[in-house]
Amino acid sequence: MFDAHVHIFDPRFPLAENEGYLPDPFTIADYRKRMSRFDIGGGAVVSGSFQGNDQTYLKAALAELGEGWVGVTRLDLDATDDEIIELDRIGVRALRFNLKRAAADITGMTLQALRAHELVGWHVEVYIDGQMLGSLQPVISKLPALSIDHLGMSDEGLPYLLDLVDRGARVKATGFGRVASNVAKTLRRIHAVNPEALMFGSDLPGTRAGRPFKDSDVDLICDVVGTDMVKVLEDNARAFYRLPARARAIPADPNRTTPMFRAEQPTLPLRRDELPKLEAVADTIPFPAIEKRRR
């Protein structure tokens, strides 16, 4: 599995209150313990509003997590090209626009996103309530690569969300305890538009969510997308974050069909002149019912 949405709140690094709230610590050790039953082969550490534009925690987290992990960050609008290139070197792959819990200079962020995409190929991840998608769609649609957090948050924005998906946007299958929508129905509709769009994420630790991630959320995703579950749980996100596909061993078939032993030689075709001769057949005898009608 690839966990495309994780927050790390490490007390060694600065955190700032947001709307009067400060999260409890949630370290990499805490994350690994919580997800120990799953085969996690990588993921994306996403900067939250509590971390502002600080990069120190993200650099430390990516160094500790190692191969297969990437970062999604927030940057000062005056960040230099060299800073962006250096962050890309250590594994950052995207910018995050928090348009739900933080004031934002949309124009400045869009220009920064275009610059980062041109420099290093970063995409943008947007945390936004679906109700706002319609008004911001003209701006959002200018972004060269885009994903939307938490299924777009609400049913009101689903038509706009599906339109973005049809244009190539990705959607994080995350935060089921945050959304005001029928999760299964929303997953199904997004998947029907584009099977490459959905990307699983735990959204741990689930700060301020109605409920945090449950293991059964994975079961729900698998029930909805069926045979595409490997795409949604891993492959779609790895491709979007520009990571190599994960090699998987093909399990041996315990009921593999074996060839049947033949003692005799297989049948050989006969030449036409070797076919048996049929005896001459007498003239056809009229069928009585037909002869009766002729009379």
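Visitor: What percentage of the 295 residues in the chain do buried residues make up?

Guide: Buried residues account for 47% of the chain's 295 residues. Keep in mind that this is a predicted model.

Visitor: And how many helices and strands does the chain have?

Guide: There are ten helices and eight strands. As for contacts in the chain between residues at least 6 apart in sequence, 72% of them join residues at least 24 apart.

Visitor: Let's try a helix. Which residues of helix 5 are buried?

Guide: First, the general idea. An α-helix has 3.6 residues a turn, so residues three or four places apart point the same way. Now the case here: helix 5 covers residues 130-140, and its buried residues are Gly130, Leu133, Leu136, Gln137 and Ile140. These cover an arc of only 155° around the axis, which means they sit on the same side of helix 5.

Visitor: Which residues are exposed on the other side of helix 5?

Guide: Gln131 and Ser135 are exposed there. Over the buried residues of helix 5, the cover includes strand 6 (146-148) and helix 6 (158-166).

Visitor: Then helix 6 is a good next stop. Which of its residues are buried?

Guide: Look for Leu158, Leu161, Leu162, Leu164 and Val165, which are buried in helix 6. Seen down the axis, the buried residues of helix 6 fall within an arc of 160°, so they line one face of the helix. Pro159 and Asp166 are exposed on the other side of helix 6.

Visitor: What do the buried residues of helix 6 pack against?

Guide: They pack against helix 5, strand 6, strand 7 (170-173) and helix 7 (183-193). Helix 6 is followed by Gly168, which has a positive phi, near 115°.

Visitor: Strand 6 keeps turning up. Is Ser147, in that strand, buried or exposed?

Guide: Ser147 counts as buried, because its relative accessibility is 0%. Leaving aside neighbours within four places in sequence, Ser147 is in contact with His123, Val124, Glu125, Val126, Arg170, Lys172, Met199 and Phe240.

Visitor: What about Val45 in strand 2: buried or exposed?

Guide: Val45 is buried, with a relative accessible area of 0%. Its strand, strand 2, takes in residues 43-46. The C-alpha atoms of Val45 and Ile8 are separated by 6.9 Å, though these two residues are 37 residues apart along the chain. Again setting aside neighbours within four places in sequence, the contacts of Val45 include Val6, Ile8, Tyr57, Leu58, Leu62 and Trp69.

Visitor: How should I read a nonpolar core?

Guide: In soluble globular proteins, nonpolar side chains tend to be buried together. Here, the largest nonpolar core has 66 residues, and those touching the most other members are Phe97, Trp122, Leu151, Leu187, Ile190, Leu198 and Ile221. Take Leu187: not counting residues up to four places away in sequence, Leu187 touches Leu151, Ala173, Phe176, Leu198, Leu220, Ile221 and Val224. Apart from the largest core lies another, of twelve residues, with Val46, Met199, Tyr241 and Leu243 among them.

Visitor: Now for empty space. How many cavities of 30 Å³ or more does a search of the whole structure find?

Guide: Rolling a probe the size of a water molecule over the atoms shows where empty space is left. In this structure, the search finds three cavities of 30 Å³ or more. The largest cavity holds about 150 Å³ of space. It is lined by 15 residues, and the closest to its centre are His7, Phe50, Arg96, Tyr127 and Arg178. By class, the lining of the largest cavity divides into three nonpolar, seven polar and five charged residues.

Visitor: What volume does the second largest cavity have?

Guide: About 70 Å³. Of the 14 residues lining the second largest cavity, Gly175, Phe176, Ser202, Phe213 and Asp217 are the closest to its centre. That lining divides into six nonpolar, five polar and three charged residues.

Visitor: And which residues line the second largest pocket?

Guide: Among them are Ile140, Leu143, Leu164, Arg167, Gly168, Arg170 and Phe240. You met some of those names earlier: Ile140 is buried in helix 5, Leu164 is buried in helix 6, and Arg170 and Phe240 are in contact with Ser147. The second largest pocket has a volume of about 170 Å³, and its lining has eight nonpolar, two polar and two charged residues.

Conventions: Residues are numbered from 1 along each chain as its sequence is written. This is a predicted model: local features need pLDDT of at least 70, side-chain atom pairs count only at pLDDT 80 or more; totals for chains, interfaces and linings use all residues. Side-chain values use heavy atoms; hydrogens and water are left out. On a 1 Å grid over the protein atoms alone, a cavity is a set of points where a 1.4 Å probe fits but cannot get out, and a pocket is an open set with protein on both sides within 12 Å along at least five of seven lines; lining residues have an atom within 4 Å of a point. Grid points are joined across faces, edges and corners, and a volume is the space filled by probe spheres set on the points. Ala, Val, Leu, Ile, Met, Phe, Trp, Tyr, Cys and Pro count as nonpolar, Asp, Glu, Lys and Arg as charged, and the others, Gly among them, as polar. A nonpolar core is a set of buried Ala, Val, Leu, Ile, Met, Phe, Trp, Tyr and Cys residues joined through side-chain atoms within 4.5 Å. Buried means under 20% relative accessible area, exposed over 50%, partly exposed in between (1.4 Å probe, protein chains only). Contact means heavy atoms within 4.5 Å. Helices (H or I, at least four residues) and strands (E, at least two) are DSSP runs, numbered from the N terminus. The arc is that of the directions from the helix axis to the C-beta atoms.
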